[in-house]
Amino acid sequence: MADPATKDLVLTVACASRRGIVAAVAGFLAEHGCNITDSAQFDDLANGRFFMRVSFRSETGAAADALREAFVPVAEGFGMDWAIHDPARRMRVLLMVSGFGHCLNDILYRWRIGALPIDIVGVVSNHLTYEKLVVNHDLPFHHIPVTKARKAEAEARLMEVVEETGTELVVLARYMQVLSDAICARMSGRIINIHHSFLPSFKGANPYRQAYDRGVKLIGATAHYVTADLDEGPIIEQDTVRVTHAQSPEDYVSLGRDVEAVVLSRAIHAHINHRVFLNDARTVVFPASPGGYASERMG
């Protein structure tokens, strides 16, 4: 059993690469009675950027706010983009879905059993198909129809929901409407989409039919952050499944849905555990600790 005086926290750092960053962080934590329990860093030689994620235990029970205040001089000295996170605090997540419910069902199941430690603040949909499912999970359901003539009005309502619920992350669980450039910019790095294709191949409509027509041997899915460039956002997670000439396009769709659900949940898990760093058009994603997903705080 953990000592009640201890406090588990996570420090994330991104800055220009230079000598002494790791030593400065480790020295600060030791100086303030903290013990490092897990650490990962990456020095991107291509663009001179440095990324670091440190899990640590404050053995004096020092509050996160006090450590944040004390860390400011270190951060300023290296020009860091940084944060100290409390992993016990659940991120507030808004889900969005259209006509396909496999990703929504998967997320709700993982959330219900504690495998995705998030606070789901509601579900937005442009259809009524999954209203009963959502309400049966005691979650708010927001029906926001989208038409070409009223798209701006629909997006204004969406942003009202985001603000009213204190949403920190939006997950497009097969939400099939394209978000405007304005929303993509406003929510940069805070919207995750699942694309039913192993990007960058087979973009656009019916990628599984495209894959079938090309006779591919692997199909897959890609979770990425949403940007104004459709399906071009920084990739967080991908996976594939092997297929054969004997399978039909319908088989591809069935297998693909399973992959989509798994890939999206992994991407959400990485984001809420502060393991994803934006690095220009790419991401740096530190793996879960050796114990796997279950070893990270379950909330």
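**Close-up views of a predicted model**

**View 1. Strands β5 and β6, side by side.** In this predicted model, strand β5 (residues 91–97) and β6 run parallel and are joined by seven bridges. To find your place along the pair, look for Met 96, which stands opposite Val 124 in β6. How does the chain get from β5 to β6? It crosses through helix α3 (residues 102–113), and this β-α-β crossover is right-handed.

**View 2. β6 and its other partner, β7.** Here we stay with β6 and turn to strand β7 (residues 141–143): the two pair in the parallel sense, over three bridges. A handy landmark is Val 123, whose bridge partner in β7 is Phe 141. Helix α4 (residues 131–136) belongs with these strands too, since β6, α4 and β7 make a right-handed β-α-β unit. Is β6 mostly covered or mostly open? Strand β6 (residues 118–125) is mostly covered, with seven of its eight residues buried.

**View 3. The largest pocket, and where it sits.** Now for some empty space: the largest pocket has a volume of about 600 Å³. Where does this pocket lie? Domain 1 (7–85) and domain 2 (91–285) both give residues to its lining, so the pocket lies between them.

**View 4. What lines the largest pocket.** Count around the wall and you get 25 residues. Thr 12, Ala 83, His 85, His 274 and Val 276 are the ones that lie nearest the pocket's centre. The elements giving two or more residues to this lining are β1 (7–16), β3 (49–58), β4 (81–85), α8 (249–272) and β12 (276–279). Which of them gives the largest share? That would be β4, with five residues. Sorted by class, the lining of the largest pocket has 13 nonpolar, five polar and seven charged residues.

**View 5. The second largest pocket.** This pocket has a volume of about 380 Å³, and 20 residues line it. Nearest its centre lie Tyr 175, Val 178, Asn 193, Leu 230 and Asp 231. Which strand gives the most to this lining? Strand β9 (residues 191–195) does, with three residues. As for the mix, the lining of the second largest pocket has eleven nonpolar, seven polar and two charged residues.

Note on methods: Residues are numbered from 1 along each chain as its sequence is written. This is a predicted model: local features need pLDDT of at least 70, side-chain atom pairs count only at pLDDT 80 or more; totals for chains, interfaces and linings use all residues. Side-chain values use heavy atoms; hydrogens and water are left out. On a 1 Å grid over the protein atoms alone, a cavity is a set of points where a 1.4 Å probe fits but cannot get out, and a pocket is an open set with protein on both sides within 12 Å along at least five of seven lines; lining residues have an atom within 4 Å of a point. Grid points are joined across faces, edges and corners, and a volume is the space filled by probe spheres set on the points. Helices (H or I, at least four residues) and strands (E, at least two) are DSSP runs, numbered from the N terminus. Ala, Val, Leu, Ile, Met, Phe, Trp, Tyr, Cys and Pro count as nonpolar, Asp, Glu, Lys and Arg as charged, and the others, Gly among them, as polar. Domain bounds come from an automatic or database domain assignment. Buried means under 20% relative accessible area, exposed over 50%, partly exposed in between (1.4 Å probe, protein chains only). Two strands pair if DSSP finds at least two bridges between them. A crossover is right-handed if, with the strands pointing away from the viewer, the path from the first strand over the helix to the second runs clockwise.
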